[in-house]
Every structure is written in C-alpha cells, then in structure tokens.
Amino acid sequence: MTTGQDRATQPETGPDDERLPTVAEQMADQLGGWRGLVESSIPVVVFVIANIIGELRPAVIASVAVALLIAGLRLAQRRPVRHAVNGLFGVAIGAAIAWRTGDERDFYLPGILYGIGYGLALLLSAVIRQPLVGWIWSVLVAKGKSEWRDDPRLVRTFTRLTVLWGVVWLAKVGVQAGLYLAHQDTALGVARLTLGYPPYALLLLITVWTVRRVTREPQPAPLPGN
C-alpha cells in the first residue's frame, strides 16, 4: 500500500506490485459480487417467507436446506465458497437456536449479538489508536503490509473510518435489537435484509474512496533544519 510519499525515494518495483485494486474490484471482492449478495440473502428470505405462510420448523429446515444447496453448487462449480460458508454458518446457528427455543425471532439473535460485539470492538480499537479498519485494510488490500502505521495522516483517517463503522454498525443492530425485544418477528426479518448489505456496501465505498484519496495526496515538505 502506498502512503503518498515520494516514489522516487523508494526502490523500484514492478507495476503489478504497486497497483492497488480499483474501487470496483475491492467492492466486488468483499461483497462477493452480485451473485454473492443474492446468494447470502436467499436463506434469510426463504426463512422470512416460509415463517409467514407456515410454521417455524419448516421455515428453519427450508432456510438451512437452501443454504446447503447454495454452498454445494459453489463447490461443484469450483467457485469461491467463502461467502457461502459464512452465510451457511450464520443461518445454521440461528436455525439451531430458533429450533431449540421454538421462537422464530431467535433465528436473528446470533446476528444481533455479533453486530453488538463487532461495533463495540471497532470503537474500542479507535480509542486505543489501533483502528480495526486499518488492520483489515492491511490484510485485505495491502497484502499484509502495515506502513500506514508510520503515516499520521493514515492513522487519523483509519481512526475516523473505524469510528464511522462502529457507529453505523451499532445503529443498525440497535434497530434490530429493538424489533427483537418488541417481538416484531416479520419486521425483524425485513430489517435483517435491508440493514445487511446496503450499509456495508456504502461503508466499503466510503472507506476505499477516502483511503485512496489520502494516499494520493502529497505529504507536506519538511521544514528546513528538521
């Protein structure tokens, strides 16, 4: 990952080593493309619809079966299964809890708890000046490099972005938690869908655009004698 410093003072490398993925490439990778978006949402849609027109247990069985089918199709087609497996894992845990308690709203409980934990972890990392978004950027975009830690501008940028992510995450999970406590099961399912990928995609877009803008800005020249 570049830090906006003068390239002339750094060792020359091939163009492929220095090229950052485009905004579209990074968004597609993290969201799994349109297919990943659709496939990860289908089991939840199936559960919501099946639970409205039928009973809880058939809805649980249908959602898990669809998630397994999607994962199996990806394996058969030798496509990346990361998003399918993540979706299957989340659906399976929620389905198991709902099956055990007999309460359909518990299908969404693991996602709510995960969202609360993730939001708090983001804010805590910003407070201790180890912004989680910066470290995620290092892993997913910068090929494991963490030079941003040596650039005060990027540290500030990633800290602000991390706070933004944490606030948005807690806000959307707060809506779902309120519906959960109010026993608004159908509304909770709709909220799970509408507050899932759209805010995530927007946050990714803001993050990629902001970091790329900062890394392209020239650093101020040092004062004489420093």
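**Figure 1. Close-up of the loop between α8 and α9 at H183.** H183 sits in the loop that joins α8 to α9, the latter helix spanning 185–194. In this predicted model, the phi angle of H183 is positive, about 60 degrees, although H183 is not a glycine. Most residues other than glycine have a negative phi. H183 has a relative accessible area of 48% and is partly exposed, because the range for that class runs from 20% to 50%.

**Figure 2. Close-up of the loop between α6 and α7 at R129.** R129 is placed in the loop between α6 and α7. R129 is not a glycine, yet its phi is positive at about 65 degrees. The relative accessibility of R129 is 41%, so R129 counts as partly exposed. R129 is also one of the contacts of T159, a residue shown in the next view.

**Figure 3. Close-up of T159 and its surroundings.** T159 belongs to helix α8, which covers residues 152–181. With a relative accessible area of 11%, T159 is buried; the class requires a value under 20%. When neighbours within four places in sequence are set aside, T159 contacts A126, R129 and P131. Of these contacts, A126 is found in helix α6, whereas R129 is in the loop between α6 and α7.

**Figure 4. Close-up of the α6 residues S125 and A126.** S125 lies in helix α6, and A126 is in helix α6 too. S125 is buried at 8% relative accessibility; A126 is buried with a relative accessible area of 9%. Not counting residues up to four places away in sequence, S125 touches Q130, P131, L132 and T162. On the same basis, the contacts of A126 are P131, T159, T162 and V163. A126 and F158 are 32 residues apart along the chain, and their C-alpha atoms are separated by 8.4 Å.

**Figure 5. Close-up of the largest nonpolar core.** This core consists of 17 residues, and V133, W137, L154, F158, W165 and V211 have the most contacts inside it. At least two core residues come from each of α6 (109–127), α7 (132–140), α8 and α10 (197–216). The largest contribution is that of α8, with 6 residues. Leaving out residues up to four places away in sequence, V133 is in contact with L122, F158, L161, T162, W165 and T207. Another core, of 16 residues, lies apart from this one and includes A59, A98, Y108 and I112.

**Figure 6. Close-up of the packing between α8 and α10.** Two packed helices are described by the angle between their axes and the distance between the axes. The α8 and α10 axes come within 11 Å and cross at roughly 170 degrees. The two helices, α8 and α10, are therefore roughly antiparallel to each other, since angles over 145 degrees fall in that class. On the α8 side, the residues that meet α10 are R153, L154, T157, F158, L161, L164, W165, V168, W169 and K172. Their partners in α10 are P199, Y200, L203, L204, I206, T207, T210, V211, V214 and T215. Among the α8 residues in this interface, L154, F158 and W165 are also listed with the most contacts inside the largest nonpolar core, as is V211 of the α10 set.

**Figure 7. Close-up of the salt bridges.** The whole structure contains 2 salt bridges. One joins the side chains of R105 and D103, with an N to O distance of 2.9 Å. R105 is buried at 13% relative accessibility, while D103 has a relative accessible area of 21% and is partly exposed. The boundary between the two classes is 20%, so these values place R105 and D103 on opposite sides of it. The other salt bridge links D151 and R153, whose closest N and O atoms are 3.3 Å apart. D151 and R153 are both buried. R153 is also among the α8 residues that meet α10.

**Figure 8. Overview for placing the close-ups.** The protein chain has 10 helices and 0 strands. Of its 226 residues, 37% are buried. Among contacts between residues at least 6 apart in sequence, 72% join residues at least 24 apart. The accessible surface of the protein chain comes to about 12,800 Å², and carbon and sulfur atoms account for 66% of it.

Notes
Residues numbered from 1 in each chain as written. Predicted model: local features only at pLDDT ≥ 70, side-chain atom pairs only at ≥ 80, totals over all residues. Heavy atoms only, no water. Helix = DSSP H or I, 4+ residues; strand = E, 2+ residues; numbered from the N terminus. Buried < 20%, exposed > 50% of the residue type's maximum accessible area, 1.4 Å probe, protein only. Contact = heavy atoms within 4.5 Å. Salt bridge = Lys/Arg side-chain N within 4 Å of Asp/Glu carboxyl O. Core = buried A, V, L, I, M, F, W, Y, C linked by side-chain atoms within 4.5 Å. Areas by Shrake-Rupley, 256 points an atom, 1.4 Å probe, with all protein chains shown as cover. Axes fitted to C-alpha atoms, helices over the stretch in contact; angles between N-to-C directions. Parallel < 35°, antiparallel > 145°, perpendicular 65-115°, else oblique.
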